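Please look over the sequence and the fold below before reading on. The paragraphs after them move from the whole chain to its open spaces and then to single elements.

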Amino acid sequence: MRSLVPKGRISRRSMTCLCLTHSLTQTHNPFASSLHNNRNPLFQFVSGILRPSIRPFSTNFKGGPTPAASSSALMANFSSDSVTYLTQRDAAEIDETLMGPLGFSVDQLMELAGLSVAASISEVYKPTEHSRVLTICGPGNNGGDGLVAARHLHHFGYKPFVCYPKRTPKPLYSGLVTQLEALSIPFLSVEELPSDLSNEFDILVDAMFGFSFHGSPRPPFDDLIQRLVSLHNINEIDQKRPVIVSVDIPSGWHVEEGDVDGTGIKPDMLVSLTAPKLGAKKFGGPHHFLGGRFVPPAIAEKYKLVLPPYPGTSMCVRIGKPPQIDISALRENYISPEFLEEQVETDPINQFRKWFDDAMAAGLKEPNAMALSTVGKDGKPSSRMVLLKGFEKDGFVWYTNYESRKARELSENPRASLLFYWDGLNRQVRVEGPVQKVSDEESEQYFHSRPRGSQIGAIVSKQSTVVPGRHVLYQEYEELVQKYADGSTIPRPNWGGYRLTPQLFEFWQGQKSRLHDRLQYTPYEINGQRLWKIERLAP
């Protein structure tokens, strides 16, 4: 983030308050001087104390959207060319202002910056594939950002390690170290680092030097930077290179001119903080993110900052478009425990219940979601996602409109296939069999157990028919809400349940090198008793 502030600048580590008029005049900061002379409309003196003026934030800056913009369409079209890039001086002045009249503390900014870095990493590199993270921290605030990021990465499910060779002997940094030690996060000395970083780590976080660094890196950081540079020389086909994530500016780069001679670190991800620095224009990696969601309107207006809007509650936002992906190269190398015949339940319903309980315990979103496939008399298949609402020995139950396409196809061909996919567990289950409607009593009971809004929605939706617009649905819905506002019973429309009686199960679990486990259950009878034959299928 911000480290090793040059002489003549006020470091956020040592600054305590710039609210007093005398303090402002001593900073030699043109922005502070304009505040003191009360010529800056962004601030005003109230009872002798300088406070930010509260006024609407203009969205009329030329060159692109402003921080006030929030539409997803705007963010999707946001070009990296329209972003504001800061000079070194502007970046330092913004830090000073944040920690002066705007009341931020260094530990607040460091916490938000480190969280932004961790959030950016988790957006692209999932812990299932990139779990081992080495964070290399420098002696200044950039290193502090790295320490904070390591803590958050631990809580996000990664396995962080920290190399912090030049520790800063101040309470803030000592506290960050203590926090990491309490989580049993290993600290590695430079001597303890493996000679080949590519074998031991999946992600390398470069948090050595920030935007205020000057001169040439000194030992041991000069060697650490060269070790990161050397990773780009790995050209062996089967050797996986760890990705490099730089915090705010790649260590060793000129903050405004970038990688001047082309021999510096070439990170795969750059997480700019507050706003990207001029040197970031030379970043050629696939993932550029902005973090540090703490820029107030006063700062944005003063420096005419044009930044992409943050989506939702996210602490990071991508700058520019994501890299184009070769779809043919997308693949997942599954890592799962073996799924063996001698370990499974003899009854597939019991095995399904076991896996369903695992999906529930894993906190997967809508583990009861399933793809329902049907075929009408024309032989054309159709699929859609529906929600499982019950399963027992006699089958799997779901509910729908009896005049929908799937209902029409089931009336013509009363057979279907269900597919459950639980991504977080590398599992899927396929179930096939004949389908019939559940009893009216069962449909009635379930219908009236639903929220009243859902009951009304079932009446409004003549499923699969053409409607002139969404407003028609809203209008009819509101009319029915008023009609049944007295709490009277809402009649069930031509709507109810179906039950699929299973005649085939297939349990699939992903494994390495596409050697997946596939166990198929098919029924047979012995002396009038229904049993299930278990066979392994080729993946």
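What follows is a guided reading of this model, from overall figures to local details.

The model is a predicted one, in which local features need pLDDT of at least 70 and side-chain atom pairs count only at pLDDT 80 or more, while totals for chains, interfaces and linings use all residues. Residues are numbered from 1 along each chain as its sequence is written, and side-chain values use heavy atoms, with hydrogens and water left out.

The protein holds 15 helices and 19 strands, where helices (H or I, at least four residues) and strands (E, at least two) are DSSP runs numbered from the N terminus. Of its 539 residues, 47% count as buried, a word that stands for under 20% relative accessible area, with exposed meaning over 50% and partly exposed in between (1.4 Å probe, protein chains only). Contacts, meaning heavy atoms within 4.5 Å, reach far along the sequence: among those with a separation of 6 or more, 69% link residues 24 or more positions apart.

Where is open space left at the surface of the protein? The largest pocket encloses about 640 Å³, and of the 16 residues that line this pocket, E129, H130, A329, L330 and R331 are the closest to its centre. A pocket here is an open set of points on a 1 Å grid over the protein atoms alone, where a 1.4 Å probe fits, with protein on both sides within 12 Å along at least five of seven lines, and lining residues have an atom within 4 Å of a point. Grid points are joined across faces, edges and corners, and the volume is the space filled by probe spheres set on the points. The second largest pocket has about 460 Å³ of space and is lined by 20 residues, with T128, E332, D423, G424 and N426 nearest its centre.

One of these lining residues, N426, also deserves a look for its backbone, since N426 has a positive phi of about 55° although it is not a glycine. N426 sits in the loop between β14 and β15 (427–437), and it counts as buried because its relative accessibility is 14%. K304 likewise has a positive phi, of about 50°, without being a glycine; this residue belongs to the loop between α10 (297–302) and β9 (316–318), and K304 counts as partly exposed because its relative accessibility is 46%.

Strand β10 (residues 369–375) is largely enclosed by the rest of the structure, because five of its seven residues are buried. Two strands pair if DSSP finds at least two bridges between them; β10 is joined by seven bridges to the antiparallel strand β11 (residues 381–387), with S373 facing its bridge partner S383. The two strands form a hairpin with five residues between them, and G379 in the turn has a positive phi of about 80°. Three bridges join β10 to β14 (residues 415–422), again antiparallel, and A371 stands opposite L419 there.

Helix α9 (residues 221–230) has F221, L224, I225, R227, L228 and V229 buried, and their cover includes β3 (132–137), α8 (197–200), β5 (203–207) and β6 (243–247). In the loop between β5 and α9 lies P220, and the peptide bond from P219 to P220 is cis, with omega near 0°.
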